[in-house]
Amino acid sequence: MTPTISRAVGAGQEATADSVGEVGAASPPTQRVVKVLELLSRHPTDRLSLARIVREAGLSRATAHAVLTQLTADGWTVRDDDGCYGIGLRLLTVARRAEAAFPLRRTAAPHLRALFERTGDPVFLAERDGDSIVVTEVVGNPSAGWIRTGRRLPLAPPVCREFVAWAPEPARQAWLATADPVHRDRLALVLAEIRARGYSVERLVDDSTPMLEVLAGLRDSPITAALRAQLGSVITELITIDYLPDELGPENAVVTLAAPVRDAGGAVVAAVVSCPDTRLSAAALSELGSATVAAADRISAL
């Protein structure tokens, strides 16, 4: 699972969901509310001025004021005597309920912090929730802004392979069947390699990162389903999926490295994802893989 690839491929995978012909399915008013709440949640002990909220959320003053007035009236935010805003008790209540839905996050947190302290690389926990993957805990400061608590990704090829590699054969084949036909043979080999070594690796084709960033940025644009599907095809052409043993060289681009967390029955329910986002020697890659797998195994044993 990679900070850039997952976001970009998410755009392509969303094309399938939009294939019924919806155009501009996003809700701008909802997005504005979410922007304000996310901004305030990043500063839970502070009170932010309206001017700062306008600037950092990218909203007009009138829009930000209207959003905050309603949120404050409903208890989601509070306003102090200086006219500054912070998170309200209602948001705290919802946050606590959300925590109860992902109990693994709390037990995994100390092990994620220990892995971060050992390797120096940011790390996050991704939990499976039906046909999606949800980021539930982040330690450190990953280079990609999309990596934040609550971010949801589709469990779809070619990403999230660590969730599929150990699945029963019928489930693996069903997942592969939804992949781009050009990638299916490689994905089958990669899933076998992930099972053998214990973790997945995301990398990018050399010099493709800037282009992927631009393409991924189109995800929220008001485009048609057909154009979104074409965008997904272009994105997948830029991706090199994982590493096979004979492809490792003196230096290897590694965006993320993910190891599975299993439940008592052995099913993969989450992944510990290290985010070096740099080039590593084969030995350094193996060392980081071993450390990430060990952290995931400790969480599985809880």
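Buried means under 20% relative accessible area and exposed means over 50%, with partly exposed in between; these words are used throughout the legends below, which describe a predicted model.

**Figure 1. Overview of the predicted model and its secondary structure.** The protein has 302 residues, of which 45% are buried, and its secondary structure comes to 11 helices and 10 strands. Among contacts between residues at least 6 apart in sequence, 62% join residues that are at least 24 apart. A search of the whole structure finds 11 salt bridges, and several of the views that follow are given to examples of these.

**Figure 2. Close-up of arginine 113 in helix H6.** Helix H6 spans residues 103-119 and includes arginine 113, whose relative accessibility of 40% falls between the two cut-offs, so that this arginine counts as partly exposed. Valine 139 is 26 residues from arginine 113 in sequence, yet the C-alpha atoms of these two residues are 6.3 Å apart in space.

**Figure 3. Packing of helix H2 against helix H4.** Helix H2 (residues 28-41) and helix H4 (residues 61-73) pack with their axes 10 Å apart and at an angle of about 75°, which makes H2 roughly perpendicular to H4. On the H2 side, the contact is made by Arg32, Val33, Val36, Leu37 and Leu40, and on the H4 side by Thr63, Val67, Leu68 and Leu71. By residue class, the contact of H2 with H4 divides into seven nonpolar residues, one polar and one charged.

**Figure 4. The buried side of helix H7.** In helix H7, which runs over residues 169-177, the residues Arg172, Trp175 and Leu176 are buried. These residues lie on the same side of H7, because they cover an arc of only 100° around the axis. The partner against which the buried residues of H7 pack is helix H8 (184-197).

**Figure 5. Salt bridge between strands E3 and E5.** The side chains of aspartate 129 and arginine 152 meet in a salt bridge, with an N to O distance of 3.0 Å. Aspartate 129 lies in strand E3 (residues 123-129) and arginine 152 in strand E5 (residues 152-154), so the pair ties together parts of the chain that are 23 residues apart in sequence. Aspartate 129, at 34% relative accessibility, counts as partly exposed, and arginine 152 is likewise partly exposed, with a relative accessible area of 42%.

**Figure 6. A buried salt-bridge pair, aspartate 242 and arginine 161.** Aspartate 242 forms a salt bridge with arginine 161, in which the closest N and O atoms are 3.0 Å apart. The pair links distant parts of the chain, 81 residues apart, with aspartate 242 in the loop between helix H10 (225-237) and strand E7 (252-254) and arginine 161 in the loop between E5 and H7. Both aspartate 242 and arginine 161 are buried. These two residues also belong to a network of salt bridges that links Arg161, Glu193, Arg197, Glu202 and Asp242.

**Figure 7. Salt bridge from the H10-E7 loop to helix H8.** Glutamate 247 forms a salt bridge with arginine 186, the closest N and O atoms being 2.7 Å apart. Glutamate 247 lies in the loop between H10 and E7, whereas arginine 186 lies in helix H8, so the pair ties together parts that are 61 residues apart in sequence. Glutamate 247 is partly exposed, with a relative accessible area of 28%, and arginine 186 is partly exposed as well, at 21%.

**Figure 8. Backbone geometry in the loop between E5 and H7.** Most residues other than glycine have a negative phi, and most peptide bonds are trans. The peptide bond from proline 157 to proline 158, by contrast, is cis, with omega near 5°, and proline 158 is placed in the loop between E5 and H7. Cysteine 160 lies in the loop between E5 and H7 too, and has a positive phi, near 60°, in a residue other than glycine. Cysteine 160 is buried, with a relative accessible area of 0%.

**Figure 9. Positive phi at aspartate 277.** Aspartate 277 is found in the loop between strand E9 (268-274) and strand E10 (278-280). Although aspartate 277 is not a glycine, its phi is positive, at about 45°. With a relative accessibility of 39%, aspartate 277 counts as partly exposed.

Conventions: Residues are numbered from 1 along each chain as its sequence is written. This is a predicted model: local features need pLDDT of at least 70, side-chain atom pairs count only at pLDDT 80 or more; totals for chains, interfaces and linings use all residues. Side-chain values use heavy atoms; hydrogens and water are left out. Buried means under 20% relative accessible area, exposed over 50%, partly exposed in between (1.4 Å probe, protein chains only). Helices (H or I, at least four residues) and strands (E, at least two) are DSSP runs, numbered from the N terminus. The arc is that of the directions from the helix axis to the C-beta atoms. Contact means heavy atoms within 4.5 Å. Axes are lines fitted to C-alpha atoms, for helices over the stretch in contact, and angles run from 0 to 180 degrees between N-to-C directions. Angles under 35 degrees count as roughly parallel, over 145 as roughly antiparallel, 65 to 115 as roughly perpendicular and the rest as oblique. Ala, Val, Leu, Ile, Met, Phe, Trp, Tyr, Cys and Pro count as nonpolar, Asp, Glu, Lys and Arg as charged, and the others, Gly among them, as polar. A salt bridge is a side-chain nitrogen of Lys or Arg within 4 Å of a carboxyl oxygen of Asp or Glu.
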